[in-house]
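Here is a brief report on a ligand site and the pockets around it. Please view the model first.

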Amino acid sequence: MPVSLVVLAAGQGTRMNSDLPKVLHKVAGAPLLHHALQAGAALGPARVVVVAGHGAEAVAAAARAWDETCEIVVQQQQLGTAHAVAQAAPVLAGVGGDCVVLYGDTPFIRPETLEAMLAARAHHHVVVLGFDARDPGRYGRLLTQGEVLERIVEFKDATDEERTITLCNSGVICTDTATLLSLVAEVGNANASGEYYLTDIVGLARRRGFSAGVVICDEAETMGVNTRAQLAEAEAAFQTRARAEALENGVTLTAPETVFLALDTVIGRDAIIGPNVIFGPGVTIESGAEIKAFCHLEGCHVSRGADVGPFARLRPGAELAEHVHVGNFVEIKNAILDEGVKVGHLSYIGDADIGMGSNIGAGTVTCNYDGVGKHHTRIGRRVFVGSGTMLVAPVTLGDDALTGSGSVITEDVPAEAVALGRARQVVKPGLAPKLFERYRAAKAAKQKDAS
Ligand code: UD1
Ligand code: CA
């Protein structure tokens, strides 16, 4: 049977104190919404519906960036989580199968947990994901009788006795789609918040004689983000887990607590990552590559046997083939470096491709931007670019060419040619001591004037 996924993401997140909708705040370089969508994607849903409201356009764009087939419905007024689910009714009517509702501000639900919930549907009409809270705080409480879930009571509406319950609602609910839609249509708002609570569907289901049950997960999975402090906690929790996973997968992290990974970072076995390396989104590091200390990487690919850093920056579109060497204070953006290319020191390579075995001297700059447009630099194979060469793009250097140090290259260089683009040197014998004598005299005169 097909599974539908509904992700609630309409809330503003008042307690974030932000202009940005809550679900667009990032953990591990990705909006909270992407974390929720990734967890849900593990179920292979036939339909994904995102309920947007606050900042709906930006939320919709983020959802489509993740999955362009997902459907967006807009909840104009945030009248509560049941009201939010009800907005998906036009999209879900008649689709059949089960439906899993996730909250966009709860990033860490594991796929295995969602699978366990689907499996529990064999025994219950409605399955709720619960957890035993160390500090139950303001979470909704699950009221159970043995194995049966009778009702969920929101903190605001709970009696003192109910508030002592530590079994809490994570927010994830699973039931068949038709039942879900008919239950949310029945929910009222006569409660302490005047909101339509999704959590009320449990009591309503029980009244219909349906059964409801709880799947229990670890509290770490259900961590919700409502404040900046919780956002920081979520980041820390993600990093702790991602570092442990990398180590488990055979990656060497010299100082794991100083390495920051993104949601989609992929690092191959036997790669070595030095201290203080930051991974932005979209990075793949192949087996056996080495990233030395203090590098910043995003949107790039580093192949087997390549080494990067220390202190290098790889920006989106940097593609390093096998055995490429990128040294200190080098920035690379939108550039393909073929096998064995060396860019050892203090260079900027942007909008370029560099052929196999070429050597780029210290201080080389691809001058790719003329203030209006970006231009491409093409460097052939086995080219030797002298230190301090300015490559004024668009420009092409043929295979086996050489540029003299300090050249400003504005015209194409044919294969095997030497290009020199600099002023000829002038030598004046014996002038240096005379010059210094003149400087000293001038300085002495100035000091005398001042006294
Ligand atoms: C909710 C649960 C509570 C649970 C807790 C777990 C309800 C009524 N309460 O409380 O039992 O313990 O999550 O974290 O469901 N949203 C909409 N439209 C709305 C209201 C909310 O899309 O009209 C979205 C929010 O953007 C958010 C999610 O639903 O992503 C949860 O809403 P939130 O207001 O944070 O619920 P909690 O008070 O945390
Ligand atoms: Ca919440």
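Threonine 81 puts a polar side-chain atom 2.8 Å from an oxygen atom of ligand 1. That is a polar contact, meaning a pair of N or O atoms within 3.5 Å; within protein, one must be able to donate a hydrogen and the other to accept it, and residues adjacent in sequence count only if both atoms are side-chain atoms. Taken alone, ligand 1 exposes 760 Å², and the protein buries 85% of that (Shrake-Rupley areas, 1.4 Å probe; for residues, only the protein chains shown count as cover).

The model is predicted: local features need pLDDT of at least 70, side-chain atom pairs count only at pLDDT 80 or more, and totals for chains, interfaces and linings use all residues. Residues are numbered from 1 along each chain as its sequence is written, chains are lettered from A and ligands numbered from 1 in the order written, and side-chain values use heavy atoms, with hydrogens and water left out.

The backbone also reaches ligand 1. A backbone N or O atom of alanine 10 lies 2.9 Å from a ligand oxygen atom. For glycine 11, a polar backbone atom is 2.8 Å from an oxygen atom of ligand 1.

The shell around ligand 1 has 22 residues, and Gly11, Gln75, Tyr103, Glu154 and Asn169 come nearest (near: a heavy atom within 4 Å). Strand S1 (3-9), helix H3 (81-86) and strand S10 (167-176) each supply at least two shell residues. Helices (H or I, at least four residues) and strands (E, at least two) are DSSP runs, numbered from the N terminus.

Ligand 1 sits in the largest pocket (more than half of its atoms lie within 2 Å of the grid points). A pocket is an open set of points on a 1 Å grid over the protein atoms alone, where a 1.4 Å probe fits, with protein on both sides within 12 Å along at least five of seven lines; lining residues have an atom within 4 Å of a point.

The largest pocket holds about 1600 Å³ of space. Its lining has 46 residues, with Arg15, Lys22, Tyr103, Asp105 and Asn226 closest to the centre. S10 gives the most to this lining, three residues.

The second largest pocket has a volume of about 560 Å³. Among its 23 lining residues, Gln38, Phe238, Ala242, Glu245 and Leu263 lie nearest the centre. H9 provides the largest share, five residues.

Residue classes compare as follows.

| Site | Nonpolar | Polar | Charged |
|---|---|---|---|
| Shell around ligand 1 | eight residues | eleven residues | three residues |
| Lining of the largest pocket | 13 residues | 22 residues | eleven residues |
| Lining of the second largest pocket | 15 residues | four residues | four residues |

Here Ala, Val, Leu, Ile, Met, Phe, Trp, Tyr, Cys and Pro count as nonpolar, Asp, Glu, Lys and Arg as charged, and the others, Gly among them, as polar.

Terms used
Points joined across faces, edges and corners; volume = space filled by probe spheres on them.
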